[in-house]
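Grab a coffee and open the viewer. Here are some short exercises to work through, each with its solution.

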Amino acid sequence: MGDFEAEERETKELVERFKSMIDSGTSVFFDSEELEIIIDELMRQMDVQMASEAIEYAIRLYPSDSFFRILRAKKMMLQMEFDKAEEELDSIETTFPPTPELYMERVMLARITGQHTDAFRLLNKALKLDEEDPEVHFLLAYEYLKNKDVDNALKHSIFALREDKAFDEQLFGFSFLLEENKQYEDGIAFYEKLTEEFPLFPGCWFGLGLSYSWNKEYDKAIDAYQYVLSIDEKTSTAHYNMANCYFELNNYEQALSHYQQAYEQDPEDFNSLTCIGDCYANQKNFEEALSYYRKALSLNPTQGDALLGLASVLKDQGHTGDARAAIESAFAHNPQSFMLLFEVLSYYDEEQQKNKLQEFFTTTLKQVENKEDFYRYFVQFCCENELY
């Protein structure tokens with residue numbers, strides 16, 4: 001058995017031992033490192049209730065250790081209890097000596113809530129406490145990248161990745177930032193340097209591929225994804241992203257090939273099924289297109305792109321009634337996105353659209369539990385998209 005398998009088995013045994021203790025109401029000793037592993041695994045599994053039990057047990061067992069109090073704040077953030085998380089962090093700061101984890105968690109809370117905070121000040125405090133902590137360097141890299149300081153972002157990223165290659169899997173967060181800020185040239189420069197430094201890290205090549213795609217340099221993006229597949233040929237996302245590039249180049253045969261390989265590696269991949277349908281639709285093979293759109297909707301009835309693809313093909317073939325029936329069935333059986341709510345109106349005559357909007361809105365509203373949030377997000381969506 002390899003090291004990874006042995007570690008995975010030990011983690012599973014620890015979690016099961018903790019759960020047995022909770023179920024039996026007995027008391028079992030765990031050292032702080034074991035509890036940290038247990039909590040981390042429960043949080044990874046999104047078992048928030050049992051993670052809460054483990055965190056509170058750890059706090060009782062090790063009351064002088066601020067780390068478990070910080071994990072309590074982290075758990076509150078996962079539960080979207082942001083005010084409580086901030087209060088907990090305030091309490092920690094006044095009760096315990098400062099730690100890098102405390103300052104990093106304050107930065108993460110500010111990012112999630114959109115609150116203004118001087119992230120550089122907090123992270124530099126953390127860095128003074130532990131100059132070798134790769135997580136502090138990784139968070140600093142994000143802040144520098146956000147400020148378009150690619151050189152400093154690279155310096156801290158390279159340090160973090162050299163210390164812990166697991167950060168390669170977290171580079172997607174940088175890609176989201178670069179896309180949101182339309183920093184396409186920055187992204188290319190950033191990831192080109194990282195791929196030179198870490199040629200066997202797939203996350204670096206993924207980031208480079210995405211940056212090239214946003215800059216419409218699809219051939220270069222394809223080359224980047226080929227590097228990912230040379231590292232791990234079973235990476236379905238690389239096939240999917242590569243297929244997207246071929247689709248943009250109108251090379252539907254190659255796009256089909258890679259979408260199909262992505263789907264073969266992940267039979268639950270409804271996005272690839274939808275894209276296969278799009279390829280067939282663009283090749284005027286409408287029978288196959290309809291088949292794949294329906295397969296995608298059978299896996300995910302709220303896949304809006306598949307529904308629109310299905311409706312579009314039916315309408316183009318003169319089956320407008322069938323297109324509308326598919327739309328109405330989708331809204332009747334599952335809550336759909338706000339974007340889709342407005343997009344489907346084009347399948348109705350202008351005089352019908354207002355009534356259909358009200359009908360679909362009411363149908364969706366009946367299916368959601370938290371109606372207050374539904375109204376709030378709907379109004380927010382309308383304002384952001386100028387749908388006054």
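The exercises below look at a helix, the cores and the pockets of this predicted model.

**Exercise 1.** Work out how the span of helix α9 fits with its number of residues, and find what its buried residues pack against.

*Solution.* Start with the count: α9 runs over residues 150–163, which gives 14 residues. Next, take the span from first C-alpha to last: 20 Å, close to the 20 Å expected at 1.5 Å a residue. Now pick out the buried residues, under 20% relative accessible area: V150, A153, L154, H156, S157, I158, A160 and L161. Finally, look at their neighbours: these buried residues pack against α8, α10, α11 and α12.

**Exercise 2.** Find the residues with the most contacts inside the largest nonpolar core, then follow F174 outwards.

*Solution.* The largest nonpolar core has 92 residues, and L145, F174, F190, Y191, L194 and I327 have the most contacts inside it. Helix α8 gives the most to this core, with eight residues. Zoom in on F174: leaving out residues up to four places away in sequence, F174 touches F138, A141, Y142, L145, S157, F190 and Y191. Don't miss the second, separate core of 20 residues, which includes F30, Y57, I59 and L71.

**Exercise 3.** Describe the lining of the largest pocket.

*Solution.* First the volume: about 2,300 Å³. Then the lining: of its 49 residues, D40, K74, E135, F167 and Q170 are the closest to the centre. Helix α1 supplies the largest share, eleven residues. Last, sort by chemistry: 23 nonpolar, five polar and 21 charged.

How values were computed: Residues numbered from 1 in each chain as written. Predicted model: local features only at pLDDT ≥ 70, side-chain atom pairs only at ≥ 80, totals over all residues. Heavy atoms only, no water. Helix = DSSP H or I, 4+ residues; strand = E, 2+ residues; numbered from the N terminus. Expected span 1.5 Å × (residues − 1). Buried < 20%, exposed > 50% of the residue type's maximum accessible area, 1.4 Å probe, protein only. Contact = heavy atoms within 4.5 Å. Core = buried A, V, L, I, M, F, W, Y, C linked by side-chain atoms within 4.5 Å. 1 Å grid on protein atoms, 1.4 Å probe; cavity = no way out; pocket = protein on both sides within 12 Å on 5 of 7 lines; lining within 4 Å. Points joined across faces, edges and corners; volume = space filled by probe spheres on them. Nonpolar A, V, L, I, M, F, W, Y, C, P; charged D, E, K, R; others polar.
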